[in-house]
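Student: Please take me through one contact in this model, close up. Go slowly over the reasoning, and then show me how some other parts of the chain look.

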Amino acid sequence: MANGAAGLNTELQNQKGILKWIETVGNKLPHPFMLFIILCGVLMVISAILSAMNLSVIHPGKGEAVAVKNLLSVEGIHWILTSMLKNFVEFPALGLVLAMTLGIGLAEKVGLLTTVLRKMMSHVPTAIVSYAVVFVGVLGNLASDAAMVIIPPLGGLVFLAMGRHPIAGFAAGMAGVSSGFTANLFIAGTDALLSGISTSVAQTIDANAHVTPVDNWFFMSASVFILAFIGGWITDKVIEPRLGTFKGDTSVQFDELTPQENKALRVTGLAALLFIAVLAVLVVPEGALLRDPKTGDFLTSPFLKGIIPIILLFFVTISFVYGKVMGLIKTSKDMPHYMSEAIKDMSGFIVLAFTAAQFIAFFNWSNIGILMAVNGAEFMKSIGLTGLPIVIGFTLFTGICSLFITSGSALWAILAPVFMPMLMLLDYSPAFIQVAYRIADSATNTISPVNPYLPLILAFYQKYNKNAGMGTIFATMTPYALVFLAIWIVQMAIWYFLDLPVGPGVYPR
């Protein structure tokens, strides 16, 4: 027992040493604004070299030759100058973050979030908070990318309110939302999107093959509980001990609610229920307004496509009601004032988003990402692995690719035509191959250097740790990414060896 305890202690010390090294090296990087500028310059040079070598690949999805494009060419310079503003304006995270900040920021400025947390904290045992935050984060992918803006910051506030380190709470929420993105108890838009690509590719081998949105449901539903447990354990045993005691000035007080606050919460709760009831009328019945007008389907409905504006309206509605009852919103000027104050807090994110947007756009336009994915896929195919090891190898390779191509559907469109036919010929079902892809694409989201939410994540970290840098983020999130991926691979192996269904009537082989 003594030797075992000593060994465990040594292992934990080694892990802390590795994470400390990651943080130290990462924090020596320049400020993210300058880092993205440097990376853009490096990418321009690399694109020129690879273009001069006439490197190209056949795009598996389109069947067309795709060559590396030179960012330093006349065409490239023209594209950079004419696309710079478009890259910024169309940056995926920009509109989402700012729009959600209007709603969530209003809720924060009028005190609604703090009051809800104070109410909640009086009923939630400290021991399960970490697990609950990860669990809610995993389910948050129903709200698509909006969950990234909502859940991690709330996790940070919950931890802060309980006297725990807010960055640990934020990390728990982010792990659930980002590294657990593909798992859910419900069928989400991701299921529909990926299954459509899988079906079209699978039919090149079997004309009758069809992957439905529910074909991964059993596997992904089980993943929710597994990841929530593992994520909570990592938060409590690895992340928070490493962060130590929070010594910042920012704090959340959880005094007893006043009669007015209780009244405001009750009225706000009724407003929330009314909002949800109206939404249900618009979504649930067949032929409802927010159903797909052509098919009547829910998965392709305007409701899911418009989930971000709907969440924004929800927060604005309940914040307005709470502010009115509390006497904080009295005139037409008050609500836009609170929203403006919330947007001011995001100024740092906006500045960083400009250069981050350029780097990601440069990477995509140059076709370097496609070159890496296709050549890597061909290499995996050429080494001739068979059985479960090739599926695991495919999963690991996907994890590497997803560090550089953050669009899950785009990466699947590139990898599926190469790997799915090969694995189907080895008698794997298309749905199981899709599982192998999804777990890797999801697990590594939190440590991707081209994650469009890095500026937002860093802004939150620096709210509680002014010295935080990119290394702090990667050091904090690496345990989640690696352990989630490892656990998911083990789960996939169990499903394979026990021949468990990954979805209704669908098995690994």
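Tutor: Start with one term: contact means that heavy atoms lie within 4.5 Å. Keep in mind that this is a predicted model.

We take the meeting of helix 9 and helix 19. Helix 9 covers residues 189–202, and helix 19 covers residues 430–443. On the helix 9 side, the residues in contact are T190, D191, L194, S195, S198 and A202. On the helix 19 side, they are P430, Q434, Y437 and R438. Find these residues in the view, one side at a time.

Now sort them by class. Four are nonpolar, four are polar and two are charged. Ala, Leu, Pro and Tyr count as nonpolar, which covers L194, A202, P430 and Y437. Asp and Arg count as charged, and here they are D191 and R438.

Next comes the geometry. The two axes come within 10 Å. They cross at roughly 130°. Is that pair parallel, perpendicular or oblique? Roughly perpendicular runs from 65 to 115 degrees, and roughly antiparallel starts over 145. The angle of roughly 130° fits neither range, so helix 9 and helix 19 are oblique to each other. The crossing of helix 9 with helix 19 is right-handed.

Look at what leads into each helix. Before helix 9 there is a loop that starts after helix 8 (166–179), and F181 sits in that loop. Is F181 buried, partly exposed or exposed? Its relative accessibility is 21%. Buried means under 20% and exposed means over 50%, so F181 counts as partly exposed. F181 also has a partner from elsewhere in the chain: V138 is 43 residues away in sequence. Their C-alpha atoms are separated by 6.0 Å.

Before helix 19 there is another loop. This one follows helix 18 (408–424), and S429 belongs to it. With 12% relative accessibility, under the 20% cut-off, S429 counts as buried. What does S429 touch, leaving out residues up to four places away in sequence? The answer is V506, Y507, P508 and R509.

Now set another pair beside ours. Helix 2 (32–52) packs with helix 15 (347–366) at an angle of about 15°, with axes 8 Å apart. Angles under 35 degrees count as roughly parallel, so helix 2 is roughly parallel to helix 15. Helix 2 passes helix 15 in a left-handed crossing. Among the residues that meet here are F33, F36 and L43 from helix 2, and L352, F359 and F363 from helix 15. By class, this contact has 14 nonpolar, four polar and no charged residues. The contact of helix 9 with helix 19, recall, has two charged residues.

Stay with helix 15 for a moment. F354 lies in it. F354 is partly exposed, because its relative accessibility is 27%. Beyond its sequence neighbours, F354 touches M84 and F88. F354 and L85 are 269 residues apart in sequence, yet their C-alpha atoms are 8.7 Å apart.

The ends of these two helices also deserve a look. Most residues other than glycine have a negative phi. N54 has a positive phi, near 60°. N54 is in the loop between helix 2 and strand 1 (56–58). N367 also has a positive phi, near 70°. N367 is in the loop between helix 15 and helix 16 (368–382). Their surroundings differ in cover: N54 is exposed, at 65% relative accessible area, whereas N367 is buried, at 15%.

One more pair, briefly. Helix 10 (217–243) and helix 21 (470–497) pack at about 145°, with axes 10 Å apart. Their contact has 18 nonpolar, five polar and one charged residues. Their crossing is right-handed.

Finally, step back to the chain. There are 21 helices and two strands. Of the 509 residues, 52% are buried. Take the contacts with a separation of 6 or more: 79% of them join residues 24 or more positions apart. The chain exposes about 23000 Å², and carbon and sulfur atoms supply 67% of that area.

Notes:
Residues are numbered from 1 along each chain as its sequence is written. This is a predicted model: local features need pLDDT of at least 70, side-chain atom pairs count only at pLDDT 80 or more; totals for chains, interfaces and linings use all residues. Side-chain values use heavy atoms; hydrogens and water are left out. Helices (H or I, at least four residues) and strands (E, at least two) are DSSP runs, numbered from the N terminus. Buried means under 20% relative accessible area, exposed over 50%, partly exposed in between (1.4 Å probe, protein chains only). Accessible areas come from the Shrake-Rupley method with a 1.4 Å probe; for residues, only the protein chains shown count as cover. Axes are lines fitted to C-alpha atoms, for helices over the stretch in contact, and angles run from 0 to 180 degrees between N-to-C directions. A crossing is left-handed if the near helix is turned anticlockwise from the far one by less than a right angle, and right-handed if clockwise.
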